[in-house]
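I opened this notebook page to record what I looked up in one structure, beginning with the overall fold and ending with its largest pocket.

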Amino acid sequence: MIKARFTRDASGNLVKFKLTGHADAGEYGQDIVCAAVSAVSIGAVNGVEALAGFTPHVDADEVNGGHLQLVIDQELTGEQMHITQILLENLELSMQSIAESYGDYVQIETSNQS
């Protein structure tokens, strides 16, 4: 199962997401749940870098997969934060849609930073 954890700061901004696990919804290379999650999450990371114009802290297991984390841990301009929030909110919505259709394979949790 893929577990998606989103974290919001005190202002309600998404400042972190972490994806762990494997969907195991099909054979390797044929797993549409894994493909969907990979596409939207990697797209969000690439979008933040290209459109918001900064490099967030990203940790990924590029050999085995099953782990991707993005953390916003630097000061951003208002415009950078605005763009980043649109992209991360869209990622969360996309993950919710995937989980609605494939709930046996994807679990989502959103929490507030402590």
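The entries below follow the order in which I looked things up.

Entry 1, the fold. I noted before anything else that this is a predicted model. I counted two helices and five strands in the chain, and reading along the sequence I wrote down the pattern β-β-α-β-β-α-β. I then checked the radius of gyration, which is 14 Å and close to the 13 Å that the globule rule gives for 114 residues, so I recorded the chain as being as compact as a globular protein of that length. Along the principal axes, the C-alpha atoms fill a box of roughly 45 × 25 × 20 Å.

Entry 2, burial and contacts. I found that 35% of the 114 residues are buried. Among the contacts with a separation of 6 or more, 58% join residues 24 or more positions apart.

Entry 3, helix α2. I looked up residues 78-101 and found a helix of 24 residues that reaches 35 Å from its first C-alpha to its last, close to the 34 Å expected. Its buried residues include Ile 83, Leu 88, Leu 91, Met 95 and Ile 98, but also Gln 80 and Glu 92, and what covers the buried residues of α2 includes β1, β2, α1, β4 and β5.

Entry 4, the largest pocket. I noted a volume of about 680 Å³, with 31 lining residues, of which His 22, Cys 34, Ser 38, Gly 65 and Gly 66 are the closest to the centre. The elements that give two or more residues to this lining are β2, α1, β3 and β4, and α1 provides the largest share, eight residues. By class, I recorded the lining as twelve nonpolar, 13 polar and six charged residues.

Methods: Residues are numbered from 1 along each chain as its sequence is written. This is a predicted model: local features need pLDDT of at least 70, side-chain atom pairs count only at pLDDT 80 or more; totals for chains, interfaces and linings use all residues. Side-chain values use heavy atoms; hydrogens and water are left out. On a 1 Å grid over the protein atoms alone, a cavity is a set of points where a 1.4 Å probe fits but cannot get out, and a pocket is an open set with protein on both sides within 12 Å along at least five of seven lines; lining residues have an atom within 4 Å of a point. Grid points are joined across faces, edges and corners, and a volume is the space filled by probe spheres set on the points. Helices (H or I, at least four residues) and strands (E, at least two) are DSSP runs, numbered from the N terminus. Ala, Val, Leu, Ile, Met, Phe, Trp, Tyr, Cys and Pro count as nonpolar, Asp, Glu, Lys and Arg as charged, and the others, Gly among them, as polar. The expected span of a helix is 1.5 Å times one less than its number of residues. Buried means under 20% relative accessible area, exposed over 50%, partly exposed in between (1.4 Å probe, protein chains only). Contact means heavy atoms within 4.5 Å. The radius of gyration is taken over C-alpha atoms; the globule rule is 2.2 Å times the number of residues to the power 0.38.
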